[in-house]
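Biologist: Could you take me through one part of this protein up close? I'd love a look at a single helix and the contacts around it.

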Amino acid sequence: MIDVFNKKEDCCGCTSCESICPAKAIKMEADKEGFLYPEIDKKLCIDCGLCKESCAFQKGYDKSRNLEEPNVYGVKHLNNDIRMESRSGGMFTALSDFVISVGGVVYGVGYTNHLYVCHKKAINKSQRDEFRGSKYVQSDLNEIFIDIANELIEDNIVMFTGTPCQTAGLRRFLEKKFISDEKLLLCDVVCHGTPSPKLFKDYIDYLESKHKAKVTDFEFRNKKLFGWEEHIETYVIKGKTYSSKLYTNLFYGHNILRPSCYNCKYTNVIRPSDITLADFWRVDDTLKDFNDNKGVSLVFVNTEKGKMFYDKVKENIIFRKCVNEIYIQPNLKEPTKKPENRKRFWDDYYKNGFDFITKKYAGNNIKDILKSNIKLVLKRTGILKHLRR
């Protein structure tokens, strides 16, 4: 029997192996950390080897279609209302609006079963709107690759947005199935790493236990309340909005990321997609007077197909081409570094639970809370900016 991967650092969880298995011998199962990995039913496996051949994470991804260098732009949607509903500059909406307008379908990340993060399909703008905004959790792809293959067989235009490992996995899956991706627009995001679904569920449970009521809405970064450049999450309980940085702090502590994220193959500017989307951090250093703190998208046009789709939406965006490389973010250079205390973090979690790790690793204690609140007040009043001069 063929093993799909040797160690967990070799598997990004893209589901390509599960989707391509002709014997239906592979199922994605969650490990103790809550990440999905392929499990093989030995009784069903026929040793065809397609699971390993379809793994772009281990076998490498196709770079033959990429332009010699990507065309890089700063982008803002012309409609400010759309921009404020988007996490950065609204480029995802511009592209997906076009795809929907010509009868295509859009796949992106939304929720099911009470804030369970997963990929879904949209055939109209109302359904698509759920995909706006960052979701700092590894999404469950379920049978999305198979669904996309069926749409392409029906000759429909398809847009898929995901992490680079997901887009690379989808392209390899279609290649091994001999399905043309001519009408597929692949969009990846500049990814910091994918956190554990289990930890996010624990966080929602923690909030509901704290307030003794259900969380009815959640935003990982609330731009409307705190501006584009802030990373403050908000949640709604009984119609009231609360803000927090507990999950944010866990995310940036890097302990809750999938093991393969520290071994990422896609931290460069040769992307496994047609178009790459990101927040344009350091935009002020690259494009003067372009930032109004309402959000700017960093856009890489990576292929000729990407150029074709980009040209279709130009009339709906304001864009400037980047002429220097200050836009290159850390995760366009190298993977997020694995923390030295990652094992201790998970040992603490297994032994003491979620509440304990928020206090030890996420600043959920009186000293850190006071420090954070003072910093927020100083920032809002402009005092902090004055002190830094």
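Modeller: Happy to! Let's take helix 8, which covers residues 164–176, and check its length first. This is a predicted model. At 1.5 Å a residue, its 13 residues should span 18 Å, and the C-alpha atoms at its ends are 18 Å apart, so expectation and model agree.

Next, its surroundings. Helix 8 is mostly covered, with 11 of its 13 residues buried. The buried residues include P164, C165, the run from Q166 to L170, and also R171, R172, F173 and L174. Just after the helix, F178 adopts a positive phi of about 60°.

Now for the charged contacts. K176 of helix 8 makes a salt bridge with E53, at 3.9 Å from N to O. Because E53 sits in helix 2 (residues 50–53), this pair ties together parts that are 123 residues apart in sequence. K176 is partly exposed, with a relative accessible area of 26%, and E53 is partly exposed too, at 34%.

That bridge is one of 29 salt bridges found in the whole structure. For another example, the side chains of R221 and D279 meet at 2.9 Å, N to O. R221 lies in the loop between strand 8 and helix 10, and D279 in strand 11, so the pair links parts 58 residues apart in sequence. Both R221 and D279 are buried.

Finally, R171, one of the buried residues of helix 8, belongs to a network in which salt bridges with shared partners join D62, R65, R171, D181, D274 and K305. Within that network, R65 and D62 pair up with their closest N and O atoms 3.4 Å apart.

Technical notes: Residues are numbered from 1 along each chain as its sequence is written. This is a predicted model: local features need pLDDT of at least 70, side-chain atom pairs count only at pLDDT 80 or more; totals for chains, interfaces and linings use all residues. Side-chain values use heavy atoms; hydrogens and water are left out. Helices (H or I, at least four residues) and strands (E, at least two) are DSSP runs, numbered from the N terminus. The expected span of a helix is 1.5 Å times one less than its number of residues. Buried means under 20% relative accessible area, exposed over 50%, partly exposed in between (1.4 Å probe, protein chains only). A salt bridge is a side-chain nitrogen of Lys or Arg within 4 Å of a carboxyl oxygen of Asp or Glu.
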